[in-house]
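Subject: A structure for you to look at

Hi,

Here is the structure I promised to pass on. Have it open while you read, and I'll go through what turned up.

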Amino acid sequence: MQKSEQNTPSVFNTETNQDKLSIYGTKLDSRLFVGSAMYPSPQIMKEAIKISGSQVVTLSISRQNPHEQGGHGFWSIIQSLGVHLLPNTAGCHSVKDAVNMAKMSRELFQTDWIKLELVGDDYNLQPDPIDLVKATEILLKDGFKVLPYCTDDLVIARHLVELGCEVLMPWGSPIGTGKGLMNPYALQAIRDRFPETTLIVDSGIGLPSHAIQAMEIGYDAILLNTAIAKANQPVLMANAFRKSIEAGREAYLSGPMAEQQSAQPSTPTIDSPFWHYSE
């Protein structure tokens, strides 16, 4: 989709090639966030995360508590990667449970970042928009840097931004489906409405082409897990996603050509090789 020149990010410096992602003031080079679940083995997880170039890894206290039996080996691998940790509140169905899990995660993982997840319906694991707003307000007041996982609803996005969220994580499609962007129009509307907010597509991404599509319309990053972990060759797929996100970002920054309703000749008229040239 065509982006106007004034909407093209000004943070990109073509001379120094500086185009940083900002998460509550923390600057990152990579725009790919990856999960740490469902890999065939811990070693494959480590290799996939490394080749992806990701600087942020999500994890859940319910599965990856470093103090529980069997958690130490996993924790050692994560620590060896030198990445930022993004704990999540996966599986929570109430504001109370989500807030409590966030507080335990902050203590265990020593970070005030939290990916806030609050299940509203077990049929498609859709985030609960009402309780999500309530929990976000509580956690922001408690000093958390909240990254709320939400649907592509513009009004809910507005409420979250008004509360003070600097980052939103709308879904592309229900988690684990791999269907890509169900509603590009809604995602584009959020991007256009909140040009200063960091937007990350979270869930539903199944192929590198899905990631490219999200990046081309101006999203700042992609978070995914299943698409890499459940691929036949996770390490190879992680590398493919790294490249696709870089390509999508560069395409967005370059300012793509406008779509035309009719065919336009690509071969110039004789003696007029540069149509825009003038003496």
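Let's start with a pair of helices: α1 and α10 run roughly parallel to each other, a label that goes to angles under 35 degrees (over 145 is roughly antiparallel, 65 to 115 roughly perpendicular, and the rest oblique). On the α1 side the contact is made by Ile44, Glu47, Ala48, Ile51 and Ser52, and on the α10 side by Pro234, Val235, Ala238, Asn239 and Arg242, where contact means heavy atoms within 4.5 Å. Two packed helices are described by the angle between their axes and the distance between the axes. For α1 and α10 (residues 234–254) the angle is about 20° and the axes are 8 Å apart. Axes here are lines fitted to C-alpha atoms, for helices over the stretch in contact, with angles from 0 to 180 degrees between N-to-C directions. The crossing of α1 and α10 is right-handed, so the near helix is turned clockwise from the far one by less than a right angle (anticlockwise would be left-handed).

Before more details, a word on the model. It is predicted, so local features need pLDDT of at least 70 and side-chain atom pairs count only at pLDDT 80 or more, while totals for chains, interfaces and linings use all residues. Residues are numbered from 1 along each chain as its sequence is written, and side-chain values use heavy atoms, with hydrogens and water left out.

Now the overall picture. The protein has 10 helices and 12 strands; these are DSSP runs numbered from the N terminus (helices are H or I with at least four residues, strands are E with at least two). Of its 279 residues, 48% are buried, meaning under 20% relative accessible area (exposed is over 50%, partly exposed is in between; 1.4 Å probe, protein chains only). Among contacts with a separation of 6 or more, 66% join residues 24 or more positions apart.

A second helix pair is α5 (residues 129–141) and α6 (residues 154–163), whose axes come within 10 Å and cross at roughly 10°. They are therefore roughly parallel too. Leu132, Val133 and Thr136 of α5 are among the residues making this contact, as are Ile156 and His159 of α6.

Helix α6 comes up again with α7 (residues 184–193), whose buried residues are Ala186, Leu187, Gln188, Ile190 and Arg191. These pack against α6, β10 (167–170) and β11 (198–202).

Which residues does Ser105 touch beyond its neighbours within four places in sequence? They are Ile61, Pro87, Asn88, Gln110 and Ile114. Ser105 lies in helix α4 and has a relative accessible area of 0%, so it is buried. Its partner Ile61 is 44 residues away in sequence, but the C-alpha atoms are 6.2 Å apart.

Next, some backbone angles. Most residues other than glycine have a negative phi. Gln110, though, has a positive phi of about 55°; it sits in the loop between α4 (95–109) and β6 (113–116) and is exposed at 66%. Met38 also has a positive phi, near 70°. Met38 is in the loop between β3 (32–34) and α1 (42–52), and at 39% relative accessibility it is partly exposed.

Last, the rings. Lys115 lies over the face of Tyr149, 5.5 Å from the ring centre (the rule is NZ of Lys or CZ of Arg within 6 Å of the ring centre and within 35 degrees of the ring normal).

Cheers
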